[in-house]
Amino acid sequence: MRFKALRGLRATRTATRAALPASPTPASRPADGEVLLESVGLTKAYAGADGELPVLSGIDLKVRAGEIVALLGKSGSGKSTLLRCLAGLIPPSSGTVSYRGTPLTGANPGTAMVFQTFALLPWLTVRQNVELGLEARGVRPRERAEAAVRAIDLIGLDGFESAYPKELSGGMRQRVGFARALVVEPDVLMMDEPFSALDVLTAENLRGELMELWDSGQFPTRAVVLVTHNIEEAVLMADRIVVLGARPYGTIRETVEITLDRPRDRDSAAFDELVDHVYRIMTGRPKETRLPGRSDTVQLDKRTVANTPLPTATVDGLSGLAEMIARRGGRCDLADLTDELGLDIDDMLPQVDALDLLGFTEISGDDLLLTDTGTAFADADVQQSKTIFARAALDVPLVKLITNSLRGRPGTLVRAGFFRDLLAHHYTSEQVDQQLETATDWGRYAELFSYDAAPQEYRLDESAASPAH
Ligand SMILES: Nc1ncnc2c1ncn2[C@@H]1O[C@H](COP(=O)(O)OP(=O)(O)O)[C@@H](O)[C@H]1O
Ligand SMILES: [Mg+2]
């Protein structure tokens with residue numbers, strides 16, 4: 001199914017604007033290049049168990065009419081937070097956000113949002129879900145219905161008007177998400193990882209249709225801000241990529257203009273080069289010398305639970321990567337490897353970070369190279385690999401902390417809550433869960449400790465006799 005790019009959206013735009021007397025949106029259509037959104041010196045910190053958690057710092061950003069801006073960064077770099085600040089859904093801790101020159105005091109009247117998780121109301125039909133945005137703006141029922149039908153049509157949902165969300169596939173649900181945002185004809189469409197909950201083909205199809213609509217000049221908004229962790233998606237869609245760096249908190253690392261002709265050809269050399277370029281910026285890998293993880297890696301003797309978070313990689317996942325590198329003779333170019341596998345580089349970053357953290361890989365020129373330990377780990381049989389892994393994992397502070405807390409008396413039990421509380425000083429509750437889940441996977445595999453999920457208790461593994469250093 002294709003978006004109906006042929007409809008006279010300009011005509012409907014006027015009609016809908018006329019139907020929005022309550023909307024504070026200025027009636028004039030912003031000319032190309034007009035600054036629609038601007039943040040100046042924006043910082044944001046969340047309240048954590050142990051004081052403020054800084055998330056964003058010193059963000060100066062402009063979004064102009066006529067452009068698609070991608071906010072690109074690893075998970076946790078503050079992309080969603082920045083998007084929510086720009087949309088006026090949450091206030092910045094300091095600094096300002098303006099819409100067409102006017103500082104925001106609440107929800108941004110010029111934006112509408114598409115979420116990764118669709119966020120549809122299950123008890124409402126497609127049409128009623130789409131109408132929600134207009135209802136909030138005080139549009140009368142008949143005009144609401146008409147505008148909703150137009151948006152539904154535009155986005156390729158005709159025929160589904162009276163369906164309920166549960167009857168729809170993921171791709172169709174996200175179309176409802178788009179229709180609901182587009183129906184209010186915001187100046188800026190905000191999208192928070194709108195394709196990441198969809199399967200690869202559906203995502204690609206939806207991206208393609210959206211870009212077709214944008215290129216046709218009939219898109220009912222004047223600018224798009226796209227949050228993504230997917231480099232290729234950013235290069236495919238954006239005119240400008242704003243790369244956010246993570247630790248210690250989100251800042252703009254660099255901005256990259258993408259001037260490739262549209263529609264863009266993923267298979268072209270120029271596309272590849274840009275992906276590679278952005279990848280290096282995103283991973284903090286200064287020219288040819290570093291791989292992801294390295295820049296954030298703390299010296300072994302300075303590692304703490306706070307400064308050395310575990311990447312979200314299972315032992316299976318990181319072993320799989322180690323074995324692939326081993327099969328390629330112990331070294332490979334990560335970009336080539338992910339290409340061969342048909343993956344995005346981003347998909348592999350946690351595993352790359354994990355191998356780095358465990359000392360199983362190092363950098364040589366532009367390649368990921370197995371260390372001696374890494375080679376031994378990849379080549380070993382299961383029992384040997386567990387021993388090698390255990391030694392390496394004990395250099396990871398959280399694994400060591402859990403292990404050491406259990407040493408002493410045999411049969412000691414420690415509740416997960418104990419570690420949860422300790423971690424809460426440095427991480428959000430979501431991150432705490434993630435940290436514990438990964439540490440548990442690693443420690444169990446290494447046979448350093450066992451974990452019983454029902455009472456949430458850790459216990460020394462019978463075979464782990466000697467104290468961890
Ligand atoms: N409501 C919240 N309260 C506390 N911390 C939060 C909240 N939302 C996000 N965070 C934290 O802020 C950081 C950035 O989150 P987020 O903006 O969602 O990043 P991204 O979208 O790039 O993954 C993360 O460490 C996250 O755990
Ligand atoms: Mg996010």
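Select S364 and D367 to begin: in this predicted model, S364 stands opposite D367 in β13. Extend the selection to β12 (361–364) and to strand β13, residues 367–370, and you will have two strands that run antiparallel and are joined by four bridges. A further pair to pick out here is T361 with L370, since T361 stands opposite L370 in β13.

Now add β11 (331–332), which runs antiparallel to β13 and is joined to β13 by two bridges. Selecting R331 leads back to β13, where its bridge partner is L369. With these strands displayed together, the picture is an open sheet of three strands in the order β11-β13-β12, with antiparallel pairing. Both β11 and β12 stand at the edges, and because each has a single partner strand, one side of each is left without a neighbour in the sheet. Strands of a sheet pair through backbone hydrogen bonds, in either a parallel or an antiparallel sense.

Stay with β13 and show its side chains. In a regular strand the side chains alternate between the two faces of the sheet. Along β13, L368 and L370 point to one face and are buried, whereas D367 and L369 point to the other face and are not buried.

**The four-stranded sheet**

Next, select β1 (35–48) together with β2 (51–64). These two strands form a hairpin with two residues between them, and they pair in the antiparallel sense over 10 bridges. To find a matched position within the hairpin, pick L42, which stands opposite I59 in β2.

Then add strand β4, residues 94–99, which pairs with β1 in the antiparallel sense over five bridges; here E38 stands opposite S98 in β4. Continue from β4 to β5 (102–103), where two bridges join the antiparallel strands β4 and β5, and where Y99 stands opposite T102 in β5. The assembled group is an open sheet of four strands in the order β2-β1-β4-β5, and its pairing is antiparallel. At its edges stand β2 and β5, each with a single partner strand, so one side of each is left without a neighbour in the sheet.

With the sheet still on screen, display α2 (79–86). This helix lies across β1, β2 and β4, and it runs at about 125° to β1.

**Around ligand 1**

From α2, move to ligand 1 and show the 14 residues around it, of which Y46, K79, S80, T81 and T428 come nearest. Which element gives the largest share of this shell? That element is α2, which supplies three residues. Each of β2, α2 and α16 (429–445) supplies at least two residues of the shell. If you colour the shell by residue class, you will find three nonpolar, nine polar and two charged residues. Colouring by domain instead shows that the shell draws at least three residues from domain 1 (9–282) and at least three from domain 2 (295–469).

**Loops and backbone details**

Follow α16 onward to E447, which is found in the loop between α16 and β15 (449–452). The phi of E447 is near 60°, a positive value in a residue other than glycine. Most residues other than glycine have a negative phi, and most peptide bonds are trans. E447 counts as partly exposed because it has 16 C-beta neighbours inside 10 Å.

Select A119 for another positive phi in a residue other than glycine, here near 55°. A119 lies in the loop between β6 (111–114) and α3 (126–136), and with 14 other C-beta atoms within 10 Å, A119 is partly exposed.

Go next to the peptide bond between R262 and P263, which is cis, with omega about -10°. P263 lies in the loop between β10 (251–257) and α8 (269–282).

Finish at A197, found in the loop between β7 (188–192) and α6 (200–215). Leaving aside residues up to four places away in sequence, A197 touches Q116, T117 and G170. If you draw a distance from A197 to Q174, C-alpha to C-alpha, the two are 9.1 Å apart in space and 23 residues apart in sequence. Is A197 partly exposed or buried? A197 is partly exposed, because 16 other C-beta atoms lie within 10 Å, whereas a buried residue would need 20 or more.

Definitions and conventions: Residues numbered from 1 in each chain as written. Chains lettered and ligands numbered in written order. Predicted model: local features only at pLDDT ≥ 70, side-chain atom pairs only at ≥ 80, totals over all residues. Near = placed C-beta within 6 Å. Nonpolar A, V, L, I, M, F, W, Y, C, P; charged D, E, K, R; others polar. Domains from an automatic or database assignment. Buried ≥ 20, exposed ≤ 12 C-beta atoms within 10 Å, placed from the backbone. Contact = placed C-beta atoms within 7 Å. Pairing = 2+ DSSP bridges. Axes fitted to C-alpha atoms, helices over the stretch in contact; angles between N-to-C directions.
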